[in-house]
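Please load the model in your viewer, show it as a cartoon, and keep a selection panel at hand. The tour moves from one selection to the next.

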Amino acid sequence: MTTVYRQLPIQLRWADFDANNHLLHSRYYDFGAFIRMQALNDLGLAMKRLSQLQCAPVLYREEAVFKKEICFNDEVFIDIHLLKARPDYARWSFIHQLVRGKSELCATITVEGSFIDPFKRKAIIPPEEIIAVFEKFSHHKNFVWIRKQ
């Protein structure tokens, strides 16, 4: 069974906007981080559990592509899908889509990351519990498996 956080509403606040009534560019990244952590939390991997497993997610790259402006009174939703992953989930990439209304794509956020042991500060292959959670994420239509180099 795969899980997708499709159409999770975003709560837009006045402080999220600039003088032109455009959503601040940094808020897009904040919304992406929120949905990633919310999805992990909902699937049983809250920060406390990740700490107990001595496994922390880290990002190597984060990129937003802006397609349409988002304004204060817009109804906006965000989703999350796996875009790339190694079969052991030691490396992965998520894509988020911010959609106005039912279908107007306003922005995408893509992140690439892995897991580290927070005490040794080294990249690790995540434990089976984390792998099982990552296997629940839906795959984006352009999903690819990453071959180990």
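What follows is a walk through a predicted model, strand by strand and then into the nonpolar core.

Begin by selecting residues 76-85, which make up strand β3. Nine of the 10 residues of this strand are buried, so β3 is largely enclosed by the rest of the structure, and a clipping plane or a transparent surface may help in viewing it.

With β3 still highlighted, add residues 8-9, which form strand β1 and are joined to β3 by two bridges in an antiparallel arrangement. To find the register, label Leu-8, whose bridge partner in β3 is Ile-78. Keep Ile-78 labelled, since the next strand also meets this residue: Ile-78 stands opposite Leu-98 in β4.

Now add residues 139-145, strand β7, which pairs with β3 in the parallel sense over three bridges. Here the pair to display is Lys-84 with its bridge partner in β7, Val-144.

Next, select residues 91-100, strand β4, which is mostly covered, with nine of its 10 residues buried. Strands β3 and β4 pair in the antiparallel sense over nine bridges, and Asp-79 opposite Gln-97 is one pair to label. Following the chain between these two strands takes you through the five residues of their hairpin, where Tyr-89 in the turn has a positive phi of about 60°.

Continue past β4 to residues 104-117, strand β5, which runs antiparallel to β4 and is joined to it by 10 bridges. Ser-93 is a useful anchor for this pairing, its bridge partner in β5 being Glu-112. Three residues lie between the strands in the hairpin of β4 and β5, and Gly-101 takes a positive phi near 65° there.

Which residues have the most contacts inside the largest nonpolar core? Select Leu-98, Phe-134 and Phe-137, which hold that place in a core of 35 residues. Then colour the elements that give two or more residues to this core, namely α1 (25-42), β3, β4, β5 and α3 (128-134). As general background, nonpolar side chains tend to be buried together in soluble globular proteins.

Finish by centring the view on Leu-98 and showing its surroundings as sticks. Leaving aside neighbours within four places in sequence, Leu-98 is in contact with residues including Ile-10, Tyr-28, Phe-31 and Ile-70. Its contacts also include Val-76, Phe-77 and Ile-78, the last of these being the residue that stands opposite Leu-98. Further along the chain, Glu-104, Leu-105, Cys-106, Ala-107 and Ile-109 are among the contacts of Leu-98 as well.

Definitions and conventions
Residues are numbered from 1 along each chain as its sequence is written. This is a predicted model: local features need pLDDT of at least 70, side-chain atom pairs count only at pLDDT 80 or more; totals for chains, interfaces and linings use all residues. Side-chain values use heavy atoms; hydrogens and water are left out. Buried means under 20% relative accessible area, exposed over 50%, partly exposed in between (1.4 Å probe, protein chains only). Helices (H or I, at least four residues) and strands (E, at least two) are DSSP runs, numbered from the N terminus. Two strands pair if DSSP finds at least two bridges between them. A nonpolar core is a set of buried Ala, Val, Leu, Ile, Met, Phe, Trp, Tyr and Cys residues joined through side-chain atoms within 4.5 Å. Contact means heavy atoms within 4.5 Å.
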